[in-house]
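Welcome! Take a moment to look over the sequence and the 3D view below, and then let us walk through them together.

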Amino acid sequence: MRVLLAEDDPLLGDGLRAGLRQLGFLVDWVRDGEAAERELRAESYAAAVLDLGLPLKDGLEVLASIRRAGVTLPVLVLTARDAIPDRVRGLDVGADDYVVKPVDLNELAARLRALVRRAHGQPHERLCVQDVTLDPAARSVAQAGVPVPLSAREFDLLHALMLNAGRVLSREQLEQHLYSWGQEVESNAIEVHVHHLRRKLGNALIQTVRGVGYVLARDLPTSS
Amino acid sequence: MKLPRSLQGRLLVLVLGLVVGAWLVTAALTWIDVRHELDELLDSHLAQAAALLVVQQTGEIEDDHRVDAPTLHRYAPKVAFQVFHEGRLALRSSNAPAEPMLGFEGRVADGFKTVEIGGTTWRVFATRGRERDVQVFVGEQVESRNSILWAVLRSSLGPMLFAVPLLALAAWWAVRQGVAPLRLLGRALAHRSPDALQPIAVNGAPSEMAPMLEALNGLFRRISDLLESERRFTADAAHELRTPIAGIRAQAQVALGATADAERSRALQATLQGCDRATRLIEQLLTLARLESGEEHALVAVDLSALARQVVAEVAPQALSKQQVIEVIAGNPCTVQGDATLLSVLVRNLVDNAIRYSPAGATVKIGVSSEQGAVRLSVEDSGPGMSEADMKRVGERFFRVIGSGQDGSGLGWSIARRIAAVHRAVLRVAKSDLLGGLSVEVRFLDEEVA
């Protein structure tokens with residue numbers, strides 16, 4: 001899951017990036033409000049962690065501005081401002097969650113997963129499509145109750161497809177889910193990962209829409 | 001006499017004391033006046049009676065003729081008369097003694113006299129008859145006069161005796177009503193919670209209380225300002241401490257979750273760095289809190305030149321590690337009245353800022369000079385300087401220049417400004433004409449000159 005981190009404090013930003021990476025997130029880190037707004041408008045992230053006291057442009061202004069521009073991704077505001085009016089304003093402007101520093105990394109990760117899940121209309125912690133179950137917290141996948149070992153990229157790809165089950169995702173969209181900045185994307189990486197997933201989970205699960213992308217059919221949902 | 005401490009008691013004692021005093025004076029004056037009038041009246045009656053007796057002495061005078069004068073009035077027994085002829089008692093009332101009321105051997109007494117006869121005090125009028133050897137005495141018991149006097153006083157002043165307790169009660173009630181606003185204020189103040197600092201309404205309060213209420217409201221205002229600044233400080237401090245602590249926590253968690261040694265050691269290094277930063281921040285906050293508490297600082301003569309050289313010697317390694325050129329121009333002793341510890345903090349903050357915000361290879365110049373008795377400390381650098389807008393905001397608590405790449409809290413400036421204020425010195429930030437970067441000047445006003 002690829003998230004944008006907007007935090008101006010070098011130590012905290014570095015810690016959050018490293019910590020979220022350990023927990024399986026792909027993290028892009030920006031240090032000022034203008035960069036945050038530019039990235040959020042341009043790239044597709046699963047979610048964003050936004051500090052409010054950002055240089056150049058305040059976090060709340062960034063939030064208000066991207067919401068006006070129709071960017072709907074879940075935004076978690078992470079801030080030192082803990083007064084109730086600040087929280088209320090943050091949520092009113094368009095934050096999906098409001099967390100006061102300091103925060104536990106595991107909690108932050110869980111909140112981000114929950115935000116992303118709800119943003120995709122998934123009420124349950126585990127995602128189920130057909131007979132495949134995906135647990136984002138444990139980063140584990142099972143098919144018909146049997147655990148299937150996946151690489152990190154394969155997991156992220158499957159996670160993206162399952163979150164958007166029934167919707168076609170283009171190769172570019174999938175690449176954005178899989179790679180953060182500075183990571184080189186091999187030209188046929190997505191095809192390779194899809195190929196591996198099909199080998200592990202069966203050909204029927206992921207369907208190719210020629211010239212467009214890939215889709216996971218919602219059919220045959222099984223209960224977890 | 002010591003007055004009671006309570007206003008109500010005080011007023012009551014004074015009012016009642018004055019009323020009773022006035023009453024006693026009135027009684028005394030009445031006593032004197034009535035006695036005078038009574039004496040005049042009764043003396044004239046004695047004289048009248050004596051005149052009647054003298055007139056009667058036209059006929060034969062027998063020796064010791066006791067007249068059983070009928071008691072015509074209950075008062076009559078208190079009046080007696082004697083008539084002497086040729087020194088012998090010729091006529092007397094039944095209640096009169098045989099001896100003359102006044103001794104008159106060899107001479108004839110005349111006029112009024114008060115004498116003691118047989119344990120009773122008499123007022124006696126003596127006069128001569130038409131014949132020279134007739135002596136008439138008419139006496140009246142003084143006791144009877146006194147009883148009349150008392151009766152008059154009783155009837156005229158007696159009601160006052162009953163009035164005094166009633167008056168006391170009325171005065172107590174009136175005084176209580178009068179001081180009621182004070183009692184109400186006391187109760188209102190007593191029931192206030194410590195943080196209720198809204199002013200007390202002055203409208204409607206007695207005019208005597210208005211100055212006190214205004215003074216109280218002024219005090220409330222000052223306390224509330226102080227509390228507000230404390231509150232803001234605490235909020236700012238909490239806000240400012242959260243970020244470094246969040247950083248420390250995140251880095252520590254990264255270290256815990258790290259699988260590679262390099263990753264763990266990097267996170268632990270960052271954790272330590274975060275601790276150092278939080279420590280510095282806390283030290284700055286404490287310094288600022290102490291400065292803002294309004295505590296008095298003992299100011300003594302301090303040689304600012306020596307102090308600047310010493311501080312620069314301590315921070316110079318920091319500059320040298322950035323290949324910066326640091327220079328002190330402070331040859332002559334320049335004495336200011338100040339607190340050496342605070343002045344060190346001031347100089348260190350300014351020099352530290354210049355070093356930190358100037359790039360590698362920059363020049364930092366520290367100067368101490370004396371111009372017309374005013375000592376001037378300047379710190380200039382060849383760094384990037386500051387925008388006009390930023391220069392204006394420097395010194396606001398937690399204001400820091402954005403994008404400086406330094407993790408300062410902006411507290412250093414607040415502290416420098418506060419220390420300058422403690423020394424009644426003026427701190428000015430400007431563009432350095434000499435080096436092109438920032439120039440900070442602290443001008444100490446010489447008290448002897450000023």
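Which strands does helix α9 (residues 411-422) of chain B lie across? Helix α9 of chain B lies across β12 and β13 (438-444) of chain B, and runs at about 140° to β12(B). Please keep in mind throughout that this is a predicted model.

**The sheet in chain B**

The two strands just named belong to an open sheet of five strands with mixed pairing, in the order β8-β10-β11-β13-β12 (chain B). At its edges are β8 (325-329) and β12 (425-431) of chain B, each of which pairs on one side only. On average, neighbouring strands of this sheet are turned by 10° against each other, direction ignored.

Inside the sheet, look for strand β10 (residues 363-371) and strand β11 (residues 374-381) of chain B, which run antiparallel and are joined by eight bridges. To follow one of these pairings by eye, start at B:Val364, whose bridge partner in β11(B) is B:Asp381.

**Two helices in chain B**

Helix α9(B) also meets another helix. The axes of helix α5 (residues 261-292) of chain B and α9(B) come within 10 Å and cross at roughly 30°. Angles under 35 degrees count as roughly parallel, so α5(B) is roughly parallel to α9(B). The crossing of the two helices, α5(B) and α9(B), is left-handed.

Among the residues in this contact are B:Leu285 and B:Leu288 from α5(B), and B:Ile415 and B:Ile419 from α9(B). By class, the residues of the contact of α5(B) with α9(B) divide into seven nonpolar, four polar and two charged.

**Chain A and its contact with chain B**

Now turn to chain A, whose secondary structure comes to eight helices and twelve strands. Chain A has 224 residues, of which 42% count as buried. Among its contacts with a separation of 6 or more, 60% are between residues 24 or more positions apart.

For a single residue to visit, try A:Cys128, found in strand β6 (residues 127-129) of chain A. A:Cys128 has 17 other C-beta atoms within 10 Å and is therefore partly exposed. A:Cys128 lies 9.7 Å from A:Gln143, C-alpha to C-alpha, with the two 15 residues apart in sequence.

Finally, the two chains meet in a contact that takes 18 residues from chain A and 20 residues from chain B. Helix α1 (residues 10-22) of chain A gives the most to the chain A side, with nine residues. The table sorts that side by class.

| Class, side of chain A that touches chain B | Number |
|---|---|
| Nonpolar | eleven residues |
| Polar | three residues |
| Charged | four residues |

Key
Residues numbered from 1 in each chain as written. Chains lettered and ligands numbered in written order. Predicted model: local features only at pLDDT ≥ 70, side-chain atom pairs only at ≥ 80, totals over all residues. Contact = placed C-beta atoms within 7 Å. Helix = DSSP H or I, 4+ residues; strand = E, 2+ residues; numbered from the N terminus. Nonpolar A, V, L, I, M, F, W, Y, C, P; charged D, E, K, R; others polar. Pairing = 2+ DSSP bridges. Axes fitted to C-alpha atoms, helices over the stretch in contact; angles between N-to-C directions. Buried ≥ 20, exposed ≤ 12 C-beta atoms within 10 Å, placed from the backbone. Parallel < 35°, antiparallel > 145°, perpendicular 65-115°, else oblique. Left-handed = near helix turned anticlockwise from the far one by under 90°.
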